[in-house]
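Dear colleague,

I am passing on the structure we spoke about, and below it you will find an account of what turned up when I went through it. Please read it with the model open beside you.

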Amino acid sequence: MKNSFSRQSAGEAAILDAAVRLFSANGYDAVSMREVASEAGVSKANIYHHFDSKEALYRAILHQSAEDLSGLVETLAEGAGSFESRISEFAAGHLKHLDGNPLASRLIIREAFSSDDERSRVLVDQVFGSIFERIVSIFRAGQQAGALRRELDPALCATLLMGADVFFFQARDMLNQLPQADFAAHPARFSREMVEVMLRGMMNPEGEG
């Protein structure tokens, strides 16, 4: 890949914006470099000036979309505060990241559900692997500190936390049509109450009645 994310030019930004719109709408395989060039208002040769291949362009999108979330995760993994406050902060930050980057987020979600083994490996290498590993480490640290039950699988806990945010992000339009799901209009409330349920459970500790 020829581009540098710290010194991204206006041309590169236009190409990336066009590519993420097309990839998120149609999928990686259905989009040609000619279509990306047309959408970006540049020549096909101009794209290849910045990116060696369609795969390099795709990886650039994944890398860019992961940067902000990676920063949040690193801050929480290395930072202070109680286990519960760190998990709550991640859940809220993760949902804000999804909402703030809707096209790239939908592209990654689309790829996660439809990719073959090779592109799944790319997703893990470029986006998901290090982020997931750090979230698992937060849950593991919670276990070591005695805040979380030791028999729980930290990777399963991380999956449930991130999965709840992804479902809310993807299904919010539908949830807004359900009178019972009034939390759909309030992402911060959803995040707060979701973490409360996840950490404290649904069952009344005093039992029925």
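**Aromatic pairs and clusters**

Phe 23, Tyr 28 and Tyr 58 come together as one aromatic cluster. Please keep in mind throughout that this is a predicted model, and that what follows describes that model. One member of the cluster, Tyr 28, also has a charged neighbour, since the charged end of Lys 54 sits over its ring, 4.4 Å from the ring centre.

Counting ring pairs across the structure gives 8 aromatic pairs, taking as a pair any two rings whose centres lie within 6.5 Å. Among them is the pair of Phe 83 and Phe 139, whose ring centres are 5.7 Å apart and whose planes stand at 70°, so that the pair is classed as edge-to-face. Because Phe 83 lies in helix 5 (residues 83–100) and Phe 139 in helix 7 (residues 117–144), this pair ties together parts of the chain that are 56 residues apart in sequence. Both rings belong to buried residues: Phe 83 has a relative accessibility of 12%, and Phe 139 has one of 1%.

Another of the pairs is made by Phe 128 and Phe 132, where the ring centres are 5.2 Å apart and the planes lie at 25°, so the pair is stacked. These two residues are 4 residues apart in helix 7, and are thus separated by about one helical turn. Their surroundings fall into separate classes, for Phe 128 is partly exposed at 38% relative accessibility, whereas Phe 132 is buried, with a relative accessible area of 18%.

**Salt bridges**

A search of the whole structure finds 8 salt bridges, and I describe some of them here. Arg 59 and Glu 55 meet through their side chains in a salt bridge with an N to O distance of 3.0 Å; both lie in helix 4 (residues 54–78), 4 residues apart, which is about one turn of the helix. Each of the two is partly exposed, Arg 59 with a relative accessible area of 25% and Glu 55 with 24%.

Which residue forms a salt bridge with Glu 84? The partner is Arg 200, with the closest N and O atoms 2.6 Å apart. This pair links distant parts of the chain, Glu 84 being in helix 5 and Arg 200 in helix 9, 116 residues apart. Glu 84 is itself partly exposed, with a relative accessible area of 32%, and Glu 84 and Arg 200 are linked with Glu 196 in a network of salt bridges.

Helix 5 takes part in a further link of this kind, for the side chains of Asp 99 and Arg 172 meet in a salt bridge of 2.7 Å, N to O. With Asp 99 in helix 5 and Arg 172 in helix 8, this pair again links distant parts of the chain, 73 residues apart. Asp 99 is partly exposed, with a relative accessible area of 31%, while Arg 172, at 19% relative accessibility, counts as buried because the limit for that class is under 20%.

**Loops and surface**

Ala 147 lies in the loop between helix 7 and helix 8, and it is exposed, with a relative accessible area of 51%. Leaving aside residues up to four places away in sequence, Ala 147 touches Phe 83 and Gly 142. Ala 147 and Ser 82 are 65 residues apart in sequence, yet their C-alpha atoms are 8.9 Å apart in space.

Leu 178 is in the loop between helix 8 (154–175) and helix 9 (187–200), and at 38% relative accessibility it counts as partly exposed. Together with Phe 167 and Met 174, Leu 178 forms a nonpolar patch on the surface, the three having about 300 Å² of accessible area together.

**The chain as a whole**

The protein chain has 9 helices and 0 strands, and its C-alpha atoms fill a box of roughly 70 × 40 × 30 Å along the principal axes. Of its 209 residues, 39% are buried. The accessible surface comes to about 11,800 Å², and 52% of that belongs to carbon and sulfur atoms. Among contacts in the chain with a separation of 6 or more, 64% are between residues 24 or more positions apart.

With best wishes

Key
Residues are numbered from 1 along each chain as its sequence is written. This is a predicted model: local features need pLDDT of at least 70, side-chain atom pairs count only at pLDDT 80 or more; totals for chains, interfaces and linings use all residues. Side-chain values use heavy atoms; hydrogens and water are left out. Patches are made of residues with over 30% relative accessible area and no salt bridge: like charges are joined within 9 Å, nonpolar side chains (Val, Leu, Ile, Met, Phe, Trp, Tyr) within 5 Å. Accessible areas come from the Shrake-Rupley method with a 1.4 Å probe; for residues, only the protein chains shown count as cover. A salt bridge is a side-chain nitrogen of Lys or Arg within 4 Å of a carboxyl oxygen of Asp or Glu. Buried means under 20% relative accessible area, exposed over 50%, partly exposed in between (1.4 Å probe, protein chains only). Rings of Phe, Tyr and Trp (its six-membered ring) pair if their centres lie within 6.5 Å; planes under 30 degrees apart count as stacked, over 60 as edge-to-face and the rest as tilted. A charge sits over a ring if NZ of Lys or CZ of Arg is within 6 Å of the ring centre and within 35 degrees of the ring normal. Contact means heavy atoms within 4.5 Å.
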